[in-house]
Structure formats: C-alpha cells, structure tokens
Amino acid sequence: MVPDIARLKRRSEFLRVAGTRRKWVAPGLILQVRRHGAGNAARREEPALRVGFTVSRKVGNAVARNRARRRLRAAVEQVMPVQAKEGHDFVVIGRQATLKRPFAALVSDLRTALKRLDASRDEIAPAAPDNPAPRAR
RNA sequence: UCAGACGGUCGGAUGGCCGCCUUCCGGGUGCCGCAAGGUCCGGGGGGAGGAAAGUCCGGGCUCCACGGAAACACGGUGCCGGGUAACGCCCGGCGGGGGCGACCCCAGGGAAAGUGCCACAGAAAGCAAACCGCCCGCCGAAGCUUCGGCGAAGGCGGGUAAGGGUGAAAGGGUGCGGUAAGAGCGCACCGCGUCCCCGGUGACGGGGGCGGCACGGCAAACCCCACCGGGAGCAAGACCAAAUAGGGACGGUGCGCCGGGGUUUCCCCGGCAGGCGGGUUUUCGCGCCGCCGUCCGGGUCGGUCGCGCGAGGUGUCCGGCAACGGGCGUCCCAGAUGACUGGCCCUCCCCCGCUUCGGCGGGGACAGAACCCGGCUUACAGGCCGUCUGACACA
RNA sequence: CGGAGCGUGGCGCAGUCUGGUAGCGCACUACACUGGGGGUGUAGGGGUCGUAGGUUCAAAUCCUAUCGCUCCGA
C-alpha cells in the first residue's frame with residue numbers, strides 16, 4: 001500500500017529532525033531524516049511518513065520562496081509515496097538552485113538523497129510516475 | 001514626419017495530462033459518530049494584484065476606559081471653495097515660480113505678542129551707526145602773495161550716505177530736479193503700508209485717495225493662532241473543550257498527644273511528635289502533608305466562529321466644469337492557517353545572444369491575499385488608446 | 001500587528017540635540033633610529049557623511065520620502 005504523507009507543523013518537530021544530524025546535501029535541495037517510533041505499536045495513529053519544508057529568506061523574496069517550496073512539494077509527491085521507507089520524518093530544505101534546476105534533476109536529487117540516508121526502499125508500483133498507485137481513474 | 005506634454009488602460013495568448021484549496025449537487029450506508037456531520041465515490045462552479053508590497057494617513061469592526069462635556073499636556077494638520085463615512089486624499093480655483101508652448105512645481109497662516117539665531121568677512125548684522133570717502137567751517141608747518149591774505153598735506157568741529165570695499169543679506173529701486181556735498185528733500189513710474197469704493201461665496205483681483213518709507217531674513221528655531229485626535233488592536237474578541245497538576249463542594253473511610261473554641265459521633269485554630277522534599281552531614285531553620293470516588297468552576301494544547309453582500313463590481317441614463325452624487329438593470333466574484341492558488345508539455349506572441357539568414361539556444365517586468373474598505377508612497381519588461389503643444393514639409 | 005534604534009576614511013566609533021572647522025584609535029605610505037626584524041619617533045595620504053528631494057545665505061546636522069541592517073513586545 002502507499003502510505004499517506006502528513007506534514008510536520010510544529011517548530012519542535014523540525015528541531016527534533018534537525019537534532020539527528022543526518023542529512024544529505026544535493027545541488028537542488030537538502031534532506032534531513034529522523035526515524036520515529038515505527039515499530040512502536042502504541043503510536044499506531046501516527047502516519048508512517050511525515051514531511052516538512054523549510055525555505056529561508058536567503059532563497060529570495062516571497063514569490064521565490066513560494067515557488068521553491070511548491071517545486072519541492074511536487075517532487076516529494078512524486079517520489080516519496082513509492083520510494084521512501086516508512087516510519088521516518090523528513091525535512092526538505094530549499095536552496096537558491098531549487099528555482100533554476102530542471103525538475104527531472106530535482107527529482108533525481110531527492111532519490112539519491114533517500115538512498116544515501118538509507119531511507120529508500122524498492123518501488124512498490126513500478127508503473128509510470130504519472131500514474132502512481134491505485135488512485136487511477 | 002520629428003520632438004514633447006497630459007490622461008487612461010492592459011499586465012503574455014490558447015490547449016492537453018496529473019495534482020491542491022474551497023463551495024454546491026448527487027450517490028453510498030464500508031468506516032467513525034446517538035445525531036448533525038465527517039470520511040469515500042462521481043459531477044458542476046470559483047481560486048492573487050495594480051501595486052496583494054511599504055505600513056505613511058483615514059474609517060468600519062471588536063474589546064477596554066469614561067457621568068455629559070470642556071480644558072491642560074502631547075501629537076498632527078495649515079491659501080480659498082467644493083467632494084467624501086472620513087482623511088494629511090481628490091477636484092476646481094487664487095497667489096508665487098519655471099517653460100517658446102501644451103503644461104509642470106510650491107508645508108502657501110502669523111515675524112508691529114514675545115524669546116532666540118544670522119558663522120567667516122566687514123566700520124556696522126538689526127539699532128541704528130560711519131572704515132575709506134565726499135562737502136562745509138576754523139586752525140594751519142611747506143609754498144605763493146598785490147602783504148590784505150590764499151593755502152596742498154595735516155589737525156579740530158560739523159554735515160552726508162552718492163561712490164568704494166565685505167557679505168547670502170547693509171535701512172526702498174530707476175530717472176529727473178535739487179544741493180556746499182548729499183538725502184523721498186521734491187516730482188514721475190514701480191514697490192511697500194494704510195483707508196475707501198467696486199467685482200467675487202471666498203482666497204483674491206481692479207480702481208482711487210492718503211503716507212514719503214517706518215516694517216531685513218529664519219517659524220521644515222522655540223513659539224502664537226485656528227482646526228482635529230480617549231486607548232489598543234482579528235494573536236481584537238466570542239464559544240466548545242483533552243491529559244496532568246492545583247482549587248472548591250459532597251459522599252465513604254481513616255484520625256498519635258496536649259491546649260483552646262464551636263452549632264460537640266464531628267469541625268476549626270495553635271503547639272509537639274511523625275512522614276516527604278531539596279540545601280554535603282549534625283544542629284538548625286524553610287516548604288508541603290490522610291486516602292478513594294463523584295461533581296463543579298477557571299483554564300492550557302486543540303477545535304469552531306469572527307470570515308467574505310460590500311462606503312461591492314459592471315452597463316446605461318440624469319445632475320455637475322470636475323472630484324462626485326442619484327435612478328434603473330444586471331452579477332455574486334479567493335478565504336488558507338507550516339498556510340491552496342501548483343508540476344510538466346505543445347503551438348503562437350514578444351525580448352536577448354549567435355547566425356552559413358535556413359534557423360539554433362536562452363528568457364518572460366515588478367511582485368504572492370491573511371479581518372475588511374478609502375487614499376498615499378514606492379517597484380515595474382513591453383504594448384495599446386485618446387487629447388493637446390512646438391518645429392519642419394506638403395496641399 | 002505594534003514599537004525602537006543604527007548607516008560617517010579599510011575597521012571600530014565621536015560630531016547631529018544647539019546648522020557654518022568633518023575629528024579620534026587601529027590600519028596604510030614614506031623617512032629616521034637598528035646589521036636585519038619587531039618596536040619607537042617624525043611627516044603624509046585617504047571620507048558622494050546609505051540614497052533622493054526640499055527648507056536655509058549655508059545641511060553629516062532640520063523636514064519629507066525611500067533603501068538596508070539590528071533589536072524589542074504581543
């Protein structure tokens with residue numbers, strides 16, 4: 001099955017992910033990872049995958065920051081449901097290169113970052129990216 | 001045709017695939033829920049701006065304060081008339097300045113209410129005064145002499161402000177007359193002050209009389225005058241409401257000693273003993289103290305509302321020079337909350353670079369709603385429309 | 001959302017309130033002392049006062065707008 005992706009919302013959640021110091025720097029993005037209580041049956045309500053986005057003012061003005069976050073979100077929606085290991089929290093950080101980098105390169109940046117951080121898994125649905133998961137029409 | 005002035009307007013176009021937020025309709029009773037509803041499936045509608053920006057003003061709305069109100073302090077505004085819910089905004093005028101012109105710019109009340117400042121230079125910087133000068137009178141070494149005197153330089157006394165010089169600014173300006181030299185001393189014009197008349201709602205303008213000039217500049221120096229302003233802000237504010245700790249009430253149960261009190265099976269107060277806590281330990285002093293259950297109130301995380309029909313958009317007619325106002329018709333048009341409005345692609349349109357003129361490559365101005373509205377200010381690729389001015393050419 | 005402060009030589013700061021001369025320390029350059037370095041001394045260079053308008057005879061200073069940075073409260 002494809003797990004639902006929830007959003008990290010609180011500052012404390014972001015800090016907890018950053019506190020693990022596990023990160024991978026790619027040209028188009030930076031990825032931080034933290035394993036949360038996946039094996040713990042008591043926290044079953046927590047979604048298996050949670051993602052947060054960070055785009056600081058260094059990237060540019062409000063329009064540039066919005067655009068960087070939207071491109072990162074689009075890449076995450078394409079890659080994460082099928083390739084990310086369950087039971088992890090992710091923080092995706094935007095850089096200035098996020099704006100200009102071709103979208104395909106951005107996606108491969110995310111894939112290699114997942115592998116490097118040992119948070120990747122085999123694709124469940126080997127179908128085309130534009131037709132992911134059982135949500136077909 | 002070229003150069004220019006002003007006003008308005010648009011803010012790449014079209015389509016495909018996959019998503020997101022919101023709203024409406026239908027389905028379904030699989031899951032959650034007593035229910036309303038949520039979730040799920042299908043379909044329809046809507047989904048950033050002219051500045052959404054900066055947060056410089058004005059309001060609505062909400063809470064707080066306050067007997068009505070006024071005054072002081074503080075802050076703001078500052079020619080006149082109008083528009084507006086209101087404004088520091090807008091429109092139309094007035095005055096001043098700039099431009100051949102269309103047109104543009106101006107914090108533009110008061111300096112005879114008072115205080116203060118005007119560096120350097122200069123004699124003198126605000127009250128009149130006089131450095132070099134000019135002129136008159138007296139004295140007068142040299143010199144001249146018809147022997148009476150005359151008299152350069154200089155001295156003393158007085159008149160004057162034309163000229164020189166300093167300065168941003170030197171006590172009306174120019175011209176003529178006048179005078180020993182000069183001076184509004186007199187006259188003409190201009191300026192200034194004041195009074196009257198006329199036009200205008202008014203700022204103000206025009207005309208006439210009088211005054212011979214007194215009244216330098218700075219109020220974006222203090223200040224005076226007139227007018228305006230209660231404070232805070234949607235994280236305002238309202239409602240629902242976990243877990244834990246603490247508060248209160250009730251019930252059950254328990255209650256080491258002494259003293260006091262009361263409404264006397266019990267409750268309250270004080271002391272001792274006991275337990276717990278941290279301060280290294282003892283002494284010591286400090287803080288807290290029965291257990292279980294139910295309920296109540298306040299309230300944090302969280303959630304719901306506020307939160308999208310409005311000083312609304314648009315078309316047309318009428319009034320008004322205009323800002324704007326009124327009538328009628330028509331439309332419903334973003335509501336997120338770690339926050340949607342997106343990702344990829346085809347064709348066309350612009351811009352830039354290269355070019356073998358066939359094309360190839362790159363790019364799409366400034367910029368992202370957060371309670372709402374009216375303004376102001378600032379940023380902005382390129383395009384379109386209208387009115388007007390000057391020059392040249394042609395007819 | 002509300003409020004406060006700061007932009008001055010390469011660096012860190014005075015001067016701004018009360019308008020007329022932009023000054024201090026370190027750094028820099030040259031020379032001297034030393035065999036050389038360090039150090040000391042002497043002399044010297046260097047500033048659109050964030051930007052743009054305005055007031056004034058005159059603006060770093062006063063007024064308005066704007067840009068950037070820092071901080072505080074909810």
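Visitor: What covers the buried residues of helix 1?
Guide: Heads-up first: this is a predicted model, so local features need pLDDT of at least 70 and side-chain atom pairs count only at pLDDT 80 or more, while totals for chains, interfaces and linings use all residues. Residues are numbered from 1 along each chain as its sequence is written, chains are lettered from A and ligands numbered from 1 in the order in which they are written, and side-chain values use heavy atoms, leaving out hydrogens and water. Helices (H or I, at least four residues) and strands (E, at least two) are DSSP runs, numbered from the N terminus. The cover over helix 1's buried residues includes strand 3, strand 4 and strand 5.

Visitor: Which residues are buried in helix 1?
Guide: Buried means under 20% relative accessible area, exposed over 50%, and partly exposed in between (1.4 Å probe, protein chains only). By that rule, the buried ones here are Glu13, Phe14 and Val17.

Visitor: How wide an arc do they cover around the axis?
Guide: An α-helix has 3.6 residues a turn, so residues three or four places apart point the same way. We take the arc from the directions that lead from the helix axis to the C-beta atoms. The buried ones end up on the same side of helix 1, because they cover an arc of only 100°.

Visitor: And which exposed residues sit on the face turned away from the buried side of helix 1?
Guide: Just past the end of helix 1 comes Arg21, with a positive phi near 60°, but that's not on your face. The exposed residues there are Arg11 and Gly19.

Visitor: Is Arg50 buried or exposed?
Guide: Arg50 is found in strand 4. Its contacts (heavy atoms within 4.5 Å), leaving aside neighbours within four places in sequence, are Ala6, Leu8, Glu13, His88, Asp89 and Phe90. With 11% relative accessibility, Arg50 counts as buried.

Visitor: What is the length of the polar contact between the side chains of Arg50 and Asp89?
Guide: A polar contact is a pair of N or O atoms within 3.5 Å; within protein, one must be able to donate a hydrogen and the other to accept it, and residues adjacent in sequence count only if both atoms are side-chain atoms. For Arg50 and Asp89, the distance is 2.9 Å.

Visitor: How many residues does the largest nonpolar core have?
Guide: A nonpolar core is a set of buried Ala, Val, Leu, Ile, Met, Phe, Trp, Tyr and Cys residues joined through side-chain atoms within 4.5 Å. Leu29, Leu31 and Met80 are among the members with the most contacts inside the largest one. Its size is 22 residues.

Visitor: Which elements each supply at least two residues of this core?
Guide: There's also another core apart from it, of 6 residues, including Leu8 and Ile30. For the core you asked about, they are strand 3, strand 4, helix 2, strand 5 and helix 4.

Visitor: How many residues surround RNA strand B?
Guide: A residue is near a strand if one of its heavy atoms lies within 4 Å of it. Among the closest are Arg7 and Leu8, and a phosphate oxygen of the RNA lies 2.6 Å from a side-chain N or O atom of Arg67. The full count is 21.

Visitor: Which element gives the most to the surface near RNA strand B?
Guide: Helix 1, strand 4 and helix 2 are the elements that give two or more residues. With 10 residues, the top giver is helix 2.
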